[in-house]
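Let's get to know a new structure by working through a few exercises. Have the sequence and the 3D view open, try each task, then read the solution.

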Amino acid sequence: MRQLFSFWRLTYALKKQQERLNNRNIKSLLNPSWEKKIQAYSVIETDCDLKGDPAYLGRGLYIGNSTLIYNTSSIGDFCSISSGVKIGLAAHPKHMLSTSPLFYSSGRGLINDSDILTGVEKMVEIGHDVLISANVLILEGVKIGTGAIIGAGAVVVKNVEPYTIVAGVPAKVIGKRFSDDVIQHLLNSKWWELDIQNILQLPFLKDASKIEFNR
C-alpha cells in the first residue's frame, strides 16, 4: 500500500512539474534549482537523481535513465549524458583511520560537523557538446572540456581536454575528434551560442572539419 501511495504521489508531482515547465520530456522530478534553470530542447529520462545548484544548465541537455549528478557546477549546451552515469561522486578520505563516513560526515550522527575533511568542495564542470556514454563514473573536481567524448564504462579521475576521446578504467586518451587546428577553430567559433536555426544553417554542421575553410 505504501509503495502504491508513493507511486501516485510521484506521478502527481511529475504531472504538476510538466505543467509548470510546459515540457513532457522531463520525466524525473527536479529540485527547484534544476527546474528553474532547465532550458529548451532538454530531455531527462526516468529515475534520475539530480542534486545541487548548478550555475548553468545548457540548451538541449539529454540525461538518460538512472543517472546521478552531484557536485556539478555547470553543464554546457547540447550535452548528451547516457543512462547509468554517475557524476561528481566524492572520494572517501585515505589519510584517516577509517574510510567510513561515520567518522567524517555529520549526516551520520556521530560528529557535530564535517570539518575533519580539509579543503573546499570539489565541483565537476562539463563543457559544451560533451558526450558521456552509458555507465560512466566521473569523480568530483573533474573538468570535461567542450566536445569531449567519454567511452562507455569509463572511470574519469582527471580532466579531459576539449574534443578529446577517453575510455577505460581509469580513463585514458584514445584519440581526438579533429586536428588541433580544427579544434581551435571550433572553440573560437563558439557555435553553441548561436540560435538553433542558425546552427542548422552552418556549412560545417555535417562535417566539422570544414570549419577551417570558413574562417
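A salt bridge here is a side-chain nitrogen of Lys or Arg within 4 Å of a carboxyl oxygen of Asp or Glu. The model is a predicted one, where local features need pLDDT of at least 70 and side-chain atom pairs count only at pLDDT 80 or more, while totals for chains, interfaces and linings use all residues. Residues are numbered from 1 along each chain as its sequence is written, and side-chain values use heavy atoms, with hydrogens and water left out.

**Exercise 1. Find out how many salt bridges the whole structure has, and look at the pair K16 and E19.**

Step 1. Searching the whole structure turns up nine salt bridges. Side chains of opposite charge can pair when their charged atoms come close.

Step 2. Go to K16 and E19: their side chains form a salt bridge with an N to O distance of 3.7 Å.

Step 3. Check where they sit. Both belong to helix α1 (residues 2-21), and because they are three residues apart, about one helical turn separates them. (Helices are DSSP runs of H or I with at least four residues, strands are runs of E with at least two, and both are numbered from the N terminus.)

Step 4. Check the cover. K16 is partly exposed at 33% relative accessible area, and E19 is partly exposed too, at 44%. (Buried means under 20% relative accessible area, exposed over 50%, and partly exposed in between, using a 1.4 Å probe and protein chains only.)

**Exercise 2. Work out which parts of the chain the salt bridge between E35 and R20 ties together.**

Step 1. Start with the distance: the closest N and O atoms of E35 and R20 are 2.6 Å apart.

Step 2. Place the partners. E35 is in helix α2 (residues 32-37) and R20 is in helix α1, so this pair links parts that lie 15 residues apart in sequence.

Step 3. Compare their surroundings: E35 counts as buried at 17% relative accessibility, whereas R20 is exposed at 51%.

**Exercise 3. Describe the salt bridge of D180 and K176, then name the residues joined into a network.**

Step 1. In the D180 and K176 salt bridge, the closest N and O atoms are 2.9 Å apart.

Step 2. D180 is exposed, with 53% relative accessibility, and K176 is partly exposed, with 49%.

Step 3. Now the network: K15, K16 and E19 are joined into one by salt bridges that share partners.

**Exercise 4. Trace the open sheet and find its edges.**

Step 1. Count the elements: the protein chain has four helices and 16 strands.

Step 2. Follow the open sheet of seven strands, in the order β1-β4-β7-β10-β13-β15-β16, with mixed pairing. (Two strands pair if DSSP finds at least two bridges between them.)

Step 3. Look at the edges. β1 (43-44) and β16 (172-176) each have a single partner strand, so one side of each has no neighbour in the sheet.

Step 4. Zoom in on one pair: β7 (residues 80-81) and β10 (residues 131-132) run parallel and share two bridges. Here S80 stands opposite L131 in β10.

**Exercise 5. Is T67 buried or exposed, and what does T67 touch?**

Step 1. Find T67 in the loop between β4 (62-63) and β5 (68-69).

Step 2. With 0% relative accessibility, T67 is buried.

Step 3. Leaving out residues up to four places away in sequence, T67 touches several residues, including D47, I81 and V85. (A contact means heavy atoms within 4.5 Å.)
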